[in-house]
Structure formats: C-alpha cells, structure tokens
Amino acid sequence: MATKSISSATTELIAIIRLYNMAILLQLMVMAAVVVAFSTGLYVTLAHSVGLAVTVCVIGAISFYMVCYMILLPEN
C-alpha cells in the first residue's frame, strides 16, 4: 500500500515539474511577443527620430535577452 502512494506521489511530482517547465517556456514566448510589440510601437511613434527609435529598440532587446539568460541560467 505504501509503495503505491510513493509511486503516485512521484508521478504527480513529475507532472508538476513538466507543467512548471512548460509555464516557463510559455512565459518566455509571451515576453518575446511583448518586447516585439513594444519595440515596434516605439519605432512607429519615434519615426521622426530614427536614431532614438533604434536606440530604444536595442535597449529593449538587450534587457529581454538579459532576463532570458537569468531565467535559463542553470544554478550550480
């Protein structure tokens, strides 16, 4: 009897870990979509000043990559 409960607990833990990993992946994809939408909106808004628009887009992209790197960085 105890073996079945340990086995079901391990199965539930594996399912929770898989769901958590899927949530991380989906969150990163949504963040990428938001960065693209924000950058394109700023680029259109600041079209009269192309240098400023490109600078803002680059800063937004760099911050997104930094956040992704920190999230995906394996802990030792």
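## Length of helix 2

In this predicted model, helix 2 has 23 residues, and a rise of 1.5 Å a residue gives it an expected span of 33 Å. The C-alpha atoms at its two ends are 33 Å apart, so the expected span and the modelled one agree. The helix covers residues 50-72.

## Buried and partly exposed positions in helix 2

The buried residues of helix 2 are Ala 53, Cys 57, Gly 60, Phe 64 and Cys 68. Val 56 also belongs to helix 2; its relative accessible area is 25%, and because the buried class requires a value under 20%, Val 56 counts as partly exposed. Ile 62, another residue of helix 2, has a relative accessible area of 45% and is likewise partly exposed, because exposed status requires over 50%.

Leaving aside residues up to four places away in sequence, Val 56 is in contact with Leu 42 and Leu 46. Its C-alpha atom is separated by 9.9 Å from that of Phe 38, a residue 18 places away along the chain.

## Nonpolar surface patch

A nonpolar patch on the surface is formed by Tyr 43, Val 50, Val 54, Val 58, Ile 62 and Met 66. Together these residues have about 530 Å² of accessible area. Helix 2 makes the greatest contribution to the nonpolar patch, supplying 5 residues.

## Helix 1 and the position of Leu 13

Helix 1 comprises residues 2-45, and Leu 13 is located within it. The relative accessibility of Leu 13 is 49%, so this residue counts as partly exposed, given that exposed status requires over 50%.

Leu 13 and Ala 47 are separated by 34 residues in sequence. In space, their C-alpha atoms are 51 Å apart.

## Overall form of the chain

The protein chain contains 2 helices and 0 strands. Its radius of gyration is 20 Å, whereas the globule rule gives 11 Å for 76 residues; the chain is therefore more spread out than a compact globule. The C-alpha trace spans about 70 × 25 × 5 Å along its principal axes.

Of the 76 residues in the protein chain, 11% count as buried. The chain exposes about 6,300 Å², and carbon and sulfur atoms supply 76% of this area.

Terms used:
Residues numbered from 1 in each chain as written. Predicted model: local features only at pLDDT ≥ 70, side-chain atom pairs only at ≥ 80, totals over all residues. Heavy atoms only, no water. Patch = residues over 30% accessible without salt bridge, like charges linked within 9 Å, V, L, I, M, F, W, Y side chains within 5 Å. Areas by Shrake-Rupley, 256 points an atom, 1.4 Å probe, with all protein chains shown as cover. Salt bridge = Lys/Arg side-chain N within 4 Å of Asp/Glu carboxyl O. Helix = DSSP H or I, 4+ residues; strand = E, 2+ residues; numbered from the N terminus. Buried < 20%, exposed > 50% of the residue type's maximum accessible area, 1.4 Å probe, protein only. Expected span 1.5 Å × (residues − 1). Rg over C-alpha atoms; globule rule 2.2 N^0.38 Å. Contact = heavy atoms within 4.5 Å.
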